[in-house]
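How does the protein in this model meet the DNA that accompanies it? The report below takes up that topic strand by strand.

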Protein chains: 2
Amino acid sequence: MKRTVLIFAALIAALLSLFQLSKYSYISGDSSIEMIIAVIAVVFLLIGLYINKRRNQGKKDPESLGIDHEKIKQLGLSSREYEVLQEISNGLSNREIASKLFVSESTIKTHVSNLLIKLDAKRRTQAIQIAKKYRILPE
Amino acid sequence: MKRTVLIFAALIAALLSLFQLSKYSYISGDSSIEMIIAVIAVVFLLIGLYINKRRNQGKKDPESLGIDHEKIKQLGLSSREYEVLQEISNGLSNREIASKLFVSESTIKTHVSNLLIKLDAKRRTQAIQIAKKYRILPE
DNA sequence: AGTAGTTTGGTACTTTAGTATGAGTACGCT
DNA sequence: AGCGTACTCATACTAAAGTACCAAACTACT
């Protein structure tokens, strides 16, 4: 909501400065009012576009990146298990995960087994599907 | 692109009518120019907001629902292979896919092998990841 | 009718995944 | 100091996945 306040403040400031500009131009005479109006129109059009762009950027991210950390705790997944889960969904084998995390393949197998129990999955592919259903993995 | 043309036409029309309005107000005298400018600002701000809203409505749907059937053809995936791919991403085992499609497990293995070659994947988990990258599977 | 691709299925094999069990280390908490 | 939890790793095993090769039947195309 801070952003909205700032935007409104900027809008009011812009309006006031444009009033000043219009007065100055009015004193110095003649029919350049069209130009001023055109400039104002363009400026506020751009402001409108900018505001909406900002708003939509804010909308999209929470939907796509929203990972339910609560659910992770609820399922009792440890941080290491969660790391392994992420690598599984990246399509890595146990051996590849082991070398990436600098541990033995046995360790990864242990993590995977515990992972499958906690997610109530029979296979790693099913674990991926369930994890995405729970929104604990990005889609 | 038709939409863009229409919007620009509407914009120009609005500008011209506002010019007329400003001239009329100029003749009838005094310092109500501020009001006109304010109206113009608000109107164009709203126009900017409207344009961007329109644009973003068109953007969201094709991204989430779009499955690239062209890419499937391009990769040379047969319809049966694609069915198997879908079941893999649902977390099913070869045996489960076999009974779901009423064929033998050997057949599924053959399909999976061909699938992996065509997707350039080493494992079924990697195949899922690649398929989603290519947008041939829903996320 | 012949050619090409798809679907189906088999055998035999290698590799990877997953289970079960035990056990040592480390860290924080009370 | 003792307790629980997480992390590590090993062995031994079973199950599933994946490879290689072959082959029959069934489209569809021209």
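What follows describes the residues and contacts at each DNA strand.

This is a predicted model, in which local features need pLDDT of at least 70 and side-chain atom pairs count only at pLDDT 80 or more, while totals for chains, interfaces and linings use all residues. Residues are numbered from 1 along each chain as its sequence is written, chains are lettered from A and ligands numbered from 1 in the order in which they are written, and side-chain values use heavy atoms, with hydrogens and water left out.

DNA strand C is surrounded by 19 residues, a residue being near a strand if one of its heavy atoms lies within 4 Å of it. The closest include Lys109(A), Arg124(A) and Ser104(B), and 70% of the strand C atoms that come within 4 Å of the protein belong to sugar and phosphate.

DNA strand D likewise has 19 residues around it, with Val103(A) and Lys109(B) among the closest. Sugar or phosphate supplies 69% of its atoms within 4 Å of the protein, and bases supply the rest.

The table lists some polar contacts (pairs of N or O atoms within 3.5 Å) that involve phosphate oxygens.

| Protein residue and part | DNA strand | Distance |
|---|---|---|
| Asn94(A), backbone | C | 3.1 Å |
| Ser79(B), side chain | C | 2.9 Å |
| His111(B), side chain | C | 3.1 Å |
| Arg80(A), side chain | D | 3.0 Å |
| Asn94(B), backbone | D | 3.1 Å |
| Ser113(B), side chain | D | 3.0 Å |

Terms used. Polar contact = N/O pair within 3.5 Å; in protein donor to acceptor, adjacent residues only side chain to side chain.
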